[in-house]
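Q: Please take a close look at how the secondary-structure elements are put together here. A connected account would help, with each term explained where it is used.

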Amino acid sequence: MNPRVLIAISGGVDSTVAVYLLKQQGFDVTAIHFKLYSKAESEMGKESLDAITSRLNIPLVHLDLSADFDKTVYRYFASEYSLGRTPCPCSFCNLHIKWKYLYQYAIENNFHYFSTGHYVRVGNVSERIRVIKGVDKAKDQSYFLWNLPEEYLSKSLMPLGEYTKLEVKQIATRIGFANIASKPESMGVCFLRGEDYRAIIGKNQDKQSNAGGDIVDEKGEIIGRHQGIYRYTVGQKRGLPNLPKEKCVIKIDHKTKRLHVGPWDSLFYNTLKLENCTLNGLNEGIYSDVTVMVRGFGKNPEQKCTLIINENREAVIELVDPAWAPMPGQPTVIYKDDILLGGGYLQSAWNR
């Protein structure tokens, strides 16, 4: 009897090719499609998903998670913006929805493994099950899996980790899915469906959360009004009235509803404090042979750093080169070479 694998399928090229590769490796594959939000989220449609799995000769399960997604991921997304923080819904969803339910369904239905179409690898590193960067560095998605427990990773198979995106598209074309391979990639937050997140949050938040407030400069002087702090992130210029070119949002105070603006070059920081950390296998101490990925208003390059973990499992990052506009609420992710060690959410940043 071949090992049974449950794979999350979206109807896109990545999960389609992942199914094919698993079958080529001799696995007994079943696909599962999650409905994550109330309006139909898949442009492929149920019929097209059925057609794909029929051609691949595998069964397909549909699971409606929209109620849990709404009260978990969407609520987190809206709440973080209302607190002046910038959320990362993909990594939050992976932990609390996608991988959680994949693992749960696989265990309850006697699957040996579960799988996704992520461009990452999973392997045993020094007696720990770790996420490892995919060979295609331009498509590597390990950043969004920083908070997954070993319990999930131990049951996962990642067939695309050894392939480049170009190779995946070539495979799809060769096996008769050229129409899927030629489609443009979906970008941005999936549940927004191309809409501006500000409009969606604005319609669904209470009046107090939507309340406007003062815009103040570095001296604390009021220079204008804004229409709600959820509309802004650190480093942003858009939507600020009559702002000099060299200035942007440098701080968001959710308690006073104030936006602080100042010079963009004041946002370079070399010390970061993390909260809600997942650092499996790392004990209290100082680690100087690691690198860090810090997301800001723009994507900072991965760079060398020193990681300090204290007795309370709090983590501080000391960067070799300052990062620009790191945003509270965004994951800060730690690596040793290509191996993902974990990370945490950015709480605060300063210069030592």
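A: Two strands are taken to pair if DSSP finds at least two bridges between them, and the elements themselves are DSSP runs numbered from the N terminus, with helices (H or I) of at least four residues and strands (E) of at least two. The model is a predicted one, in which local features need pLDDT of at least 70 and side-chain atom pairs count only at pLDDT 80 or more, while totals for chains, interfaces and linings use all residues. Residues are numbered from 1 along each chain as its sequence is written, and side-chain values use heavy atoms, with hydrogens and water left out.

With these terms, strand S8 (residues 213–216) runs antiparallel to S9 and is joined to it by four bridges, one of which involves Val216, whose bridge partner in S9 is Ile222. Both strands belong to an open sheet of four strands with mixed pairing, in the order S9-S8-S11-S10. The edges are formed by strand S9 (222–226) and strand S10 (247–253), and because each has a single partner strand, one side of each is left without a neighbour in the sheet. On average, neighbouring strands of this sheet are turned by 30° against each other, direction ignored. In the loop between S10 and strand S11 (258–263) lies Lys257, a residue other than glycine with a positive phi, near 65°. Lys257 is nonetheless buried, at a relative accessible area of 18%, where buried means under 20%, exposed over 50% and partly exposed in between (1.4 Å probe, protein chains only).

The helices can be described through their axes, which are lines fitted to C-alpha atoms over the stretch in contact, with angles running from 0 to 180 degrees between N-to-C directions. Helix H1 (residues 13–24) packs on helix H6 (residues 165–174) at an angle of about 70°, the axes being 9 Å apart. The two are therefore roughly perpendicular, on a scale where angles under 35 degrees are roughly parallel, over 145 roughly antiparallel, 65 to 115 roughly perpendicular and the rest oblique. H1 contributes Val13, Asp14, Val17, Tyr20 and Leu21 to the contact, and H6 contributes Lys165, Val168, Lys169, Ile171, Ala172 and Arg174, contact meaning heavy atoms within 4.5 Å. Seven of these residues are nonpolar, none polar and four charged, with Ala, Val, Leu, Ile, Met, Phe, Trp, Tyr, Cys and Pro counted as nonpolar, Asp, Glu, Lys and Arg as charged, and the others, Gly among them, as polar.

Within H6, Lys165 is buried, with a relative accessible area of 9%. Not counting residues up to four places away in sequence, Lys165 touches Val13, Asp14, Tyr119, Asp136, Lys139 and Glu185. In the loop between strand S7 (156–157) and H6 is Gly161, which counts as buried at 0% relative accessibility. The C-alpha atoms of Gly161 and Val135 are separated by 6.2 Å, although the residues are 26 apart along the chain.

A second helix pair, H3 (residues 66–82) and H4 (residues 89–108), packs at an angle of about 160°, with axes 9 Å apart; H3 is therefore roughly antiparallel to H4. Beyond H4, in the loop leading to strand S4 (113–115), lies Asn110, which also has a positive phi, near 60°, and is exposed, with a relative accessible area of 59%.
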